[in-house]
Amino acid sequence: MIQFDRYTLSNGLRVIVHTDTSTPLACINILYDVGARDEDPERTGFAHLFEHLMFGGSINIPSYDEPLQRVGGENNAFTSNDITNYYLTLPSSNLETGFWLESDRMLSLAFSEKSLEVQRSVVIEEFKQRYLNQPYGDVWLLLRPLAYKVHPYLWCTIGKEIKHIEEAVMEDVKAFFHKHYTPSNAILVVAGNIDPVQVKQLAEKWFAPIASAPRPPRNLTAEPEQTEYRQLHVKRDVPSSALYMAFHMCDRRDAAYQTMDLISDLLSRGNSSRLYNQLVKEKQLFSEVNAYLMGDIDKGLFMVSGKLSSGVTFEQAEKAVFDELQKLCLETVNDTELQKVKNKMESTFLFGELNVLDKAMNLAYFELLGDAGDINREVSKYMAVTPQRIQEAARKVLRKENCSSLYYEAQ
């Protein structure tokens, strides 16, 4: 059970405080409710560009890293299609330094042309290295627009194309910041060896004076139900051919989410899992195969992907996968097999609660979903999944007409 205090400042900033005296550290995590799904389709990659720009100097602090490193702190950030998350850890005795740094970034960036040019170059280089010049790097650039036709999940966090980042101008950057980087659009979590009374004082001192702004409306186009099988076949210079199968599934808040997560574990978690046993060990059709969820807040994807063994055709491999998926639809999973993956899930979840930074991130994310307190109810939601619910969810999701397959052939 994770204990925490929660309150909202006058400007709309939600604050969550969790005390953990087992560590000498304090963690400050700020989740901004903005991701790649909130971008203009003609200006993609901005949420990720902003992750970089937020380290390029704020209005009163020209260097973010230097003062943090001086007090023994570390920091990083990540962007997804749904959120942008910034976090730092430092000795708890230096907690106020973290408040000073993070509040100044929320107050305003420096907005220098030099910083924009530097970070734009960094992001463009990342686009080339990670997505264009790396084996299998362009998989999601191909697969997302195959699976999605209208919802903004159809592009990656890096953006649709390099041109969108190259053409980013200061006016666009400022507009994005003032729309999304506001107190009411953020969740601040402070965790670690801290005094909740002091944290409240620091939150009032450093964050409360930042001007309030209305939360930006979010009216995203819903993805229509997929009614026919889709396929894309490409050839690339990679070591081995790979198959990627994407199925539309429920959103993160849906009651069926935990069921789908357990289905992915039944299929591919560990060497006793179904796909490994049948397709890697027994039939030797794949050298490796995985099933996993994308974990998106809006309706997301259930994925099955794997590297094909030499001489195996895509048609053979895909049919074998569908045969295994069909078993979940036709046969009720036995209680022992289901309990095994539940136990693995529980141990993973509880292990993740040992690290103060992980706890801070999870508290922020569950608060975004609706209630930070749900972090303490998550395991029970998994434990409540029945064999019948597994079968019902499999029948609903794991259908061929709901599948988009990418045949990624080695040249």
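**Strands and helices in a predicted model**

Visitor: Which residue in E2 stands opposite Asp-5?

Guide: The model is predicted. Strand E2 spans residues 14-19, and 4 bridges join E1 to E2 in an antiparallel run. Opposite Asp-5 in E2 stands Val-17.

Visitor: Which strands stand at the edges of the open sheet of E1-E2-E6-E3-E5-E4?

Guide: This open sheet has 6 strands with mixed pairing, in the order E1-E2-E6-E3-E5-E4. Each edge strand has a single partner strand, so one side is left without a neighbour in the sheet. The edge strands are E1 (5-8) and E4.

Visitor: At about what angle to E1 does helix H8 run?

Guide: H8 covers residues 196-206. It lies across E1, E2 and strand E6 (186-192). Its angle to E1 is about 20°.

Visitor: How many residues of helix H1 are buried?

Guide: H1 spans residues 46-53 and is mostly covered. Its buried residues, including Phe-46 and Glu-51, pack against strands E4 and E5 and helices H4, H6 and H7. The count is 8 of 8.

Visitor: Why is strand E8 described as largely enclosed by the rest of the structure?

Guide: Ala-242, Tyr-244, Ala-246 and His-248 point one way, while Leu-243, Met-245 and Phe-247 point the other. Both sets are buried. E8 is largely enclosed because its buried residues number 7 of 7.

Visitor: Which residue in E11 stands opposite Phe-247?

Guide: E8 pairs antiparallel with E10 (residues 301-308) over 7 bridges, where Ala-242 has Lys-307 as its bridge partner. E8 also pairs antiparallel with E11 (residues 403-410), over 6 bridges. In E11, Phe-247 faces Cys-403.

Terms used. Residues are numbered from 1 along each chain as its sequence is written. This is a predicted model: local features need pLDDT of at least 70, side-chain atom pairs count only at pLDDT 80 or more; totals for chains, interfaces and linings use all residues. Side-chain values use heavy atoms; hydrogens and water are left out. Buried means under 20% relative accessible area, exposed over 50%, partly exposed in between (1.4 Å probe, protein chains only). Helices (H or I, at least four residues) and strands (E, at least two) are DSSP runs, numbered from the N terminus. Two strands pair if DSSP finds at least two bridges between them. Contact means heavy atoms within 4.5 Å. Axes are lines fitted to C-alpha atoms, for helices over the stretch in contact, and angles run from 0 to 180 degrees between N-to-C directions.
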